[in-house]
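Before turning to the details, please look over the chain as a whole, and then follow the paragraphs below, which go through some of its helix pairs and its empty spaces.

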Amino acid sequence: MRISLFHEPWWLSAATGGQVEEAVVKQGNDLVGRFPYVMQRLGPFYCVRMPPFTHMLGPAIEAGDGKPQTRLQRRISITRSLIDQLPRHSYFHQHLDPSLDDGLAIADGLAFQECKFEVTHQYNFEVDCRRSLTELSAGLNLKTRQHIRRAEKEYSVRSVDDPKSFIDFYLKNIHARGRRNRIEFEHFSALFAESRAHESGVILGAFDHTGAPVAMTYLVWGHGMMYYLLSTRSLDTADSSAVSLLIWCAMKQAHEMGLVLDLDGVYSSGSARFLSNFGGHMKTRFLIRRSRILYGALQYIKRRVAPDESQFFT
């Protein structure tokens, strides 16, 4: 069964404090389908979501052997069976990676669509860091390369072992910008500890000459991919050169490990312009939603009155 890092049982358990649930499909004694999710209650509503810090999830399926069309039909059938097992809910929201299972996971979108879910796209950038460092450097935008070189002279980069220092720095930067924190940090320390124990994660920080942090990022990896999971920078930093330096360090680390770097974070044209400077290719994921009428109406009202924060990149 081909899975992502985010399907790993240890990841799901640590990210949720053990509160993850799964739909499963078996054929005889063989497990051929898993569909992890988190059930969350918001007032009278029950919502099915992904765990915190989990950028993609969806079904993990063993489509077996045979001709492509046979495996395709088998995957669609298993996905439908998993969907049928979901508990009653007012809202569903997960992101799926259609490249899983050698691209066969694209059929999951069809299965969800046939079950009356809304299927849209989310964009991200991937940098194939298995290429040589010379190629990776040449792929950088010229100004980005110059910013990185300047940042290498101004800042030192090192790993951060204390997850609380990352949380405190993140919240400080959010509050300095007058924004509301939307990240659930309750289980972050446990998740970081587990990712370290499985040699699958690191926090990198860029520090100025006084030792003060100017930017930090949390990187995780597994199953051939590294994910630029969460990043933040100080409001006092005049530009994004420190973040560019951390992404370049992530690219070099991914190169050493023979991984593809998923930069994520494409939520606006501004973030797309920034991330495109690192020589990656734009990819798409499936964004799967389903909302009952009352819940959807309340969320529409909330979006109309809430400030738009999509312009910010952290």
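At what angle do helix H6 and helix H7 pack, and how far apart are their axes? In this predicted model, helix H6, made of residues 163-176, and helix H7, made of residues 188-197, pack at an angle of about 135°, and their axes are 9 Å apart. The two helices H6 and H7 are therefore oblique to each other, and their crossing is right-handed. On the side of H6, the residues that take part are Pro-163, Phe-166 and Ile-167, and these meet Phe-188, Ser-189 and Phe-192 in H7. Sorted by class, this contact of H6 with H7 has five nonpolar residues and one polar residue, with no charged residues.

A second pair to look at is formed by helix H2, which covers residues 68-84, and helix H3, which covers residues 107-114; they pack at an angle of about 45°, with 9 Å between their axes. That angle makes H2 oblique to H3, and the crossing of H2 and H3 is right-handed. From H2 the contact draws on Leu-72, Arg-75, Ile-76, Thr-79, Arg-80 and Ile-83, while H3 contributes Ala-107, Asp-108, Leu-110, Ala-111, Phe-112 and Glu-114. The classes represented in the contact of H2 with H3 are seven nonpolar, one polar and four charged residues.

The third pair consists of helix H5, residues 142-154, and helix H8, residues 241-257, which pack at an angle of about 95° with their axes 8 Å apart. H5 and H8 are therefore roughly perpendicular to each other. Their contact is made by Thr-144, His-147, Ile-148, Arg-150, Ala-151 and Glu-152 on the H5 side, and by Ser-241, Ser-244, Leu-245, Trp-248 and Lys-252 on the H8 side. By class, the contact of H5 with H8 comprises four nonpolar, four polar and three charged residues.

From the packed helices we can pass to the space that the atoms leave empty. Rolling a probe the size of a water molecule over the atoms shows where such space is left. How many cavities of 30 Å³ or more does the count come to? The count comes to one cavity of that volume or more, and about 40 Å³ of space lies in the largest cavity. The residues that line the largest cavity are Leu-57, Gly-58, Pro-59, Arg-75, Leu-96, Asp-97, Pro-98, Leu-100, Ala-105, Asp-108 and Phe-286. Among these lining residues are Arg-75 and Asp-108, which also take part in the contact between H2 and H3. Divided by class, the lining of the largest cavity has seven nonpolar, one polar and three charged residues.

The second largest pocket holds about 390 Å³ of space. Its lining is made up of 22 residues, and of these Asp-97, Ser-99, Leu-100, Glu-126 and Met-225 lie nearest the centre of the pocket. Two of the residues just named, Asp-97 and Leu-100, also line the largest cavity. Strand S6 (118-128), strand S10 (225-233), strand S11 (260-262) and strand S12 (281-291) each supply at least two residues of the lining of this pocket, and the largest share, three residues, comes from S12. By class, the lining of the second largest pocket has eight nonpolar, seven polar and seven charged residues.

Finally, one residue towards the beginning of the numbering may be followed on its own: Glu-8 is found in the segment before helix H1 (9-16). When its neighbours within four places in sequence are left aside, Glu-8 is in contact with Ile-3 and His-223. The C-alpha atom of Glu-8 is separated by 30 Å from that of Ile-174, a residue 166 residues apart from Glu-8 along the chain.

Conventions:
Residues numbered from 1 in each chain as written. Predicted model: local features only at pLDDT ≥ 70, side-chain atom pairs only at ≥ 80, totals over all residues. Heavy atoms only, no water. 1 Å grid on protein atoms, 1.4 Å probe; cavity = no way out; pocket = protein on both sides within 12 Å on 5 of 7 lines; lining within 4 Å. Points joined across faces, edges and corners; volume = space filled by probe spheres on them. Helix = DSSP H or I, 4+ residues; strand = E, 2+ residues; numbered from the N terminus. Nonpolar A, V, L, I, M, F, W, Y, C, P; charged D, E, K, R; others polar. Axes fitted to C-alpha atoms, helices over the stretch in contact; angles between N-to-C directions. Parallel < 35°, antiparallel > 145°, perpendicular 65-115°, else oblique. Left-handed = near helix turned anticlockwise from the far one by under 90°. Contact = heavy atoms within 4.5 Å.
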